[in-house]
Structures are given as C-alpha cells and as structure tokens.
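Dear colleague,

I am passing on the structure below, and after it you will find a short account of the pockets and of one residue that I looked at. Please keep the structure open while you read.

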Amino acid sequence: MGSAGKLSVPIAAVAALLAVSGCSEDKPAAAPASPSELARYTAAPGSAAPTQSPATAAPAKCVKTAGMSAKQLTEYLGELRSSGGAYQSKGLTLDSSGLNFTPEAVQRPCEAVKVKLAHYWVDVEKARDATAVTPARYEYGYTLIDATSYKAGPQDGRVPDTAPPGGNGCQGTVSVVYLGEDIPVGSLPYDLELTGTTAPVPVEVNEDGVLSAIYISPVDVESC
C-alpha cells in the first residue's frame, strides 16, 4: 500500500488565513480612556451584579459635582430633570413633605449634593379694609425660623426633617432651597396671596443661588 499523501501549505499562507479568520495573535492594544467629568455608577457592596447580554444598554453616567462652585452647582441642579418625565420638572424639588430628590438616570450626580434650606415666618397684617371697588391690602413681615444645610442624593428619595412648617393664625411660612450666600430678607416676595388653604404654592425669590421656594398661607385669613 502506498503511504497517504500529505497536504503541504506554506507557513505564510497559514498566517494569512489566521489573520483573515480573526485568530491572529497580534491584537491591537486598547486605546487609553480619555479624561471626563462623567463617571459610571458601581453596584453597592454585596449586591449581585446583573448579567448583561450583548444587547444590554450601557450603564447611565453620573456627573462629578465635588469640585463645582456654588454658581456651577446652581446651574447644574437648575437644569437637572426629574425621572417622572413631566415637562420642565426638576430633579430636586421642595414640597409639603420637604426636599425630594428624583433626578433622571442620565446626568445625575455621582455623590450627594449639599444645599441650604431656610424657613421664614410670614407675619401678615391688614393695612386696608376692602371696599366696594378695591380689595383689602395686606403688609408682610419676615422672621427667620432657621437655615440648615442638608445633603440630597445620590440615591432617590426624600431628605428627612425638611418638611416646611405650616401656617397658623395670621402667620404663613416661606421656605427656600438655595446655594451660596444666605438670602436677604429684602429678596423675599411681598406679593403673596392669602389663599385660605394650607397647600404650598411655588413663589419666586429673585436671588442668585435659589433653586426652589414655596409659600404656605396663614390658616385664619379673615382675622389678619
């Protein structure tokens, strides 16, 4: 019997075939990551890391806020949208329950952000009775209750002990969330409405660093 014939392939041809099929040993080195203000969230210690399929979306990115100035942080938080998706909704809000932090997944802060919350009594006094042609006129005086710093985030939720005080008799309250210098009393609103309800309403405070402000009307409007 004759010996079986052997197929002889040149070494150069083998290398070419391997390169075409993706089996080449000469793999390109990974390019170094470029510096960025964005970092990725990591799983909490002890939590199971989810298995990702090739079709799984990349993790959401967060923003490093530690080195921001008060002005930069004010602009950032002012533009941070809520995860609720409502038009022009904010990721950091103040309501009857206090500070609420629910930003959208993209561009949320990597670490907790520190903000200030000030509460004021609003003393309401009737300056002129109503007539057949003109409504009653009221004057307002402000007294600071307290101003405290709080941390919000990076997890979603309400910040404890931040609920605004309610009104009583002829006293209402104004609460302001802000950054930077304390708010001058002269910047607080003097066009408040006596609503006859304790539900908070948003008000404008024209001062740098203000993120949100709400007003709670006095309980007994008629006695003022």
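The model is predicted, and I begin with its largest pocket, which holds about 350 Å³ of space. Three elements each give two or more residues to the lining of this pocket, namely β3 (92-95), β10 (201-202) and β11 (210-216), and of these β11 gives the most, with 5 residues. The lining consists of 16 residues, and those that lie nearest the centre of the pocket are Pro202, Val203, Leu211, Ser212 and Ala213. By class, the lining of the largest pocket divides into 11 nonpolar, 2 polar and 3 charged residues.

The second largest pocket contains about 150 Å³ of space, and its lining has 2 nonpolar, 3 polar and 6 charged residues. Among the residues that line this second pocket are Lys71, Glu75, Glu181, Asp182, Glu207 and Asp208, together with Ala70 and Leu179.

The residue I looked at is Ser175, which is placed in strand β9 (residues 171-178). Ser175 counts as buried because its relative accessibility is 1%, where the cut-off for buried is under 20%. The side chain of Ser175 makes a polar contact with the side chain of His119, at 2.7 Å. Leaving aside residues up to four places away in sequence, Ser175 also touches Leu94, Leu117, Ala118, Pro164, Pro165 and Ile214, as well as Ser212 and Ala213, and these last two are among the residues that lie nearest the centre of the largest pocket.

With best wishes

How values were computed. Residues are numbered from 1 along each chain as its sequence is written. This is a predicted model: local features need pLDDT of at least 70, side-chain atom pairs count only at pLDDT 80 or more; totals for chains, interfaces and linings use all residues. Side-chain values use heavy atoms; hydrogens and water are left out. On a 1 Å grid over the protein atoms alone, a cavity is a set of points where a 1.4 Å probe fits but cannot get out, and a pocket is an open set with protein on both sides within 12 Å along at least five of seven lines; lining residues have an atom within 4 Å of a point. Grid points are joined across faces, edges and corners, and a volume is the space filled by probe spheres set on the points. Helices (H or I, at least four residues) and strands (E, at least two) are DSSP runs, numbered from the N terminus. Ala, Val, Leu, Ile, Met, Phe, Trp, Tyr, Cys and Pro count as nonpolar, Asp, Glu, Lys and Arg as charged, and the others, Gly among them, as polar. Buried means under 20% relative accessible area, exposed over 50%, partly exposed in between (1.4 Å probe, protein chains only). A polar contact is a pair of N or O atoms within 3.5 Å; within protein, one must be able to donate a hydrogen and the other to accept it, and residues adjacent in sequence count only if both atoms are side-chain atoms. Contact means heavy atoms within 4.5 Å.
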